[in-house]
Amino acid sequence: MRFFYNFTFRKRIYMSHLTQLFTEIGGQFITPEAELMEKLKHIKAFVFDWDGVFTDGSKDHLLQSRFNEIDSMGTNLLRFSYYLNHKTIPTTAIISGEKNSAAFTFVDRERFHTSYSKFANKLDATKHLCSTYGLQVSEICYVFDDVLDLSLAEVCGVRVFIPRNANPLFNEYVIRHFLADYVTGASSGNGAVREACELLMGLNGNFNEVITERKNFSDVYSKYLAMRKATTPTYYTSQDGVVVEVKM
């Protein structure tokens, strides 16, 4: 027991501050921080599932869901973090297997580039996204939570998995098959998107700059915000296996 304790203590000494912070809230680095940081340098797009990511998966009798303003701010800060490093905004999208009015509202308000709904095969939406925005699938960072997402998680560049206590076998499957780079400590609908965004900003190496510039509403933040607001979202759905644009 004494040897194990000493080994654990020494291991924590060499753990980076970022890894330690996120490990302490229950996060798991499946891919080591340094390797994950390197992978993130090649990312040009951030794609999110909706149900079970922004939400806990529950809906009312009208099939309506909700989103969290804390997560919303996270996505804004993440895009600003990317802007500071690349002087352009990243492509942002939601790909969902269902139709979610709340997701449409979110995409419009936050000026995401696009929304894909009713895609049982998310690779169909991904291929269209890559073709439309000149991306490689390896340049996508995907935040996801369930079975429908695994085909994309298997091939994209960076994967953030949001687990649930209710599906321990599935959580184990994702980790055992290396389908995630990081597993959030927060569960579905409980700020997991914010956790994912803060992690990615930390890996970008500019979290303090992001917060300071946003706090001061600086010129550089104003320029980013103007670029974000100029984005006109597009909406697509799947009809008989064909990607169809939907007017909102």
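Tutor: Let's start with a term: a residue is buried under 20% relative accessible area and exposed over 50%, with partly exposed in between (1.4 Å probe, protein chains only). This is a predicted model, so local features need pLDDT of at least 70 and side-chain atom pairs count only at pLDDT 80 or more, while totals for chains, interfaces and linings use all residues. Residues are numbered from 1 along each chain as its sequence is written, and side-chain values use heavy atoms, leaving out hydrogens and water.

Student: Okay, why is Phe-48 called buried?

Tutor: Its relative accessible area is 2%, and the cut-off is under 20%, so Phe-48 is buried. Phe-54 also counts as buried, at 2%. Across the 248 residues of the protein chain, 48% count as buried.

Student: What makes Phe-48 and Phe-54 an aromatic pair, and which kind are they?

Tutor: Rings of Phe, Tyr and Trp (its six-membered ring) pair if their centres lie within 6.5 Å; planes under 30 degrees apart are stacked, over 60 edge-to-face, and the rest tilted. Here the centres are 5.4 Å apart with 55° between the planes, so the pair is tilted. Phe-144 and Phe-161 are tilted too, at 5.3 Å and 35°.

Student: What does the pair of Phe-144 and Phe-161 tie together?

Tutor: Phe-144 sits in strand 5 (residues 140-144) and Phe-161 in strand 6 (residues 158-161), so the pair ties together parts 17 residues apart in sequence. Strands (E, at least two residues) and helices (H or I, at least four) are DSSP runs, numbered from the N terminus. Both rings count as buried: Phe-144 is at 0%, and so is Phe-161. Ring pairs also link Phe-48, Trp-50, Phe-54, Phe-106 and Phe-112 into a cluster.

Student: What makes a set of residues a nonpolar core?

Tutor: You need buried Ala, Val, Leu, Ile, Met, Phe, Trp, Tyr and Cys residues joined through side-chain atoms within 4.5 Å. The largest such core has 45 residues, and Phe-46, Phe-48, Phe-54 and Ile-94 touch the most other members. Helix 9 (residues 192-204) gives the largest share, eight residues. Apart from this core lies another, of 24 residues, including Ala-93 and Tyr-236.

Student: Why are helix 4 and helix 9 called roughly parallel or antiparallel?

Tutor: The label comes from the angle between N-to-C directions, on a scale from 0 to 180 degrees, with axes fitted to C-alpha atoms over the stretch in contact. Under 35 degrees counts as roughly parallel, over 145 as roughly antiparallel, 65 to 115 as roughly perpendicular, and the rest as oblique. Helix 4 (residues 69-86) and helix 9 pack at about 15°, with axes 8 Å apart, and are therefore roughly parallel.

Student: And how do you know which label helix 4 and helix 10 get?

Tutor: Their axes come within 10 Å and cross at roughly 105°. That angle falls in the 65 to 115 window, so helix 4 and helix 10 are roughly perpendicular. The contact (heavy atoms within 4.5 Å) involves Leu-77, Phe-80, Ser-81 and Leu-84 of helix 4, and residues including Val-210 and Ile-211 of helix 10.

Student: What about Glu-195: buried or exposed?

Tutor: Glu-195 is at 8% relative accessibility, under the cut-off, so it counts as buried. Glu-195 is in helix 9, and among the residues it touches are Phe-22, Gly-27 and Tyr-182. The C-alpha atoms of Glu-195 and Gly-27 are 9.1 Å apart, though the two are 168 residues apart along the chain.

Key:
Lists of a residue's contacts leave out its neighbours within four places in sequence.
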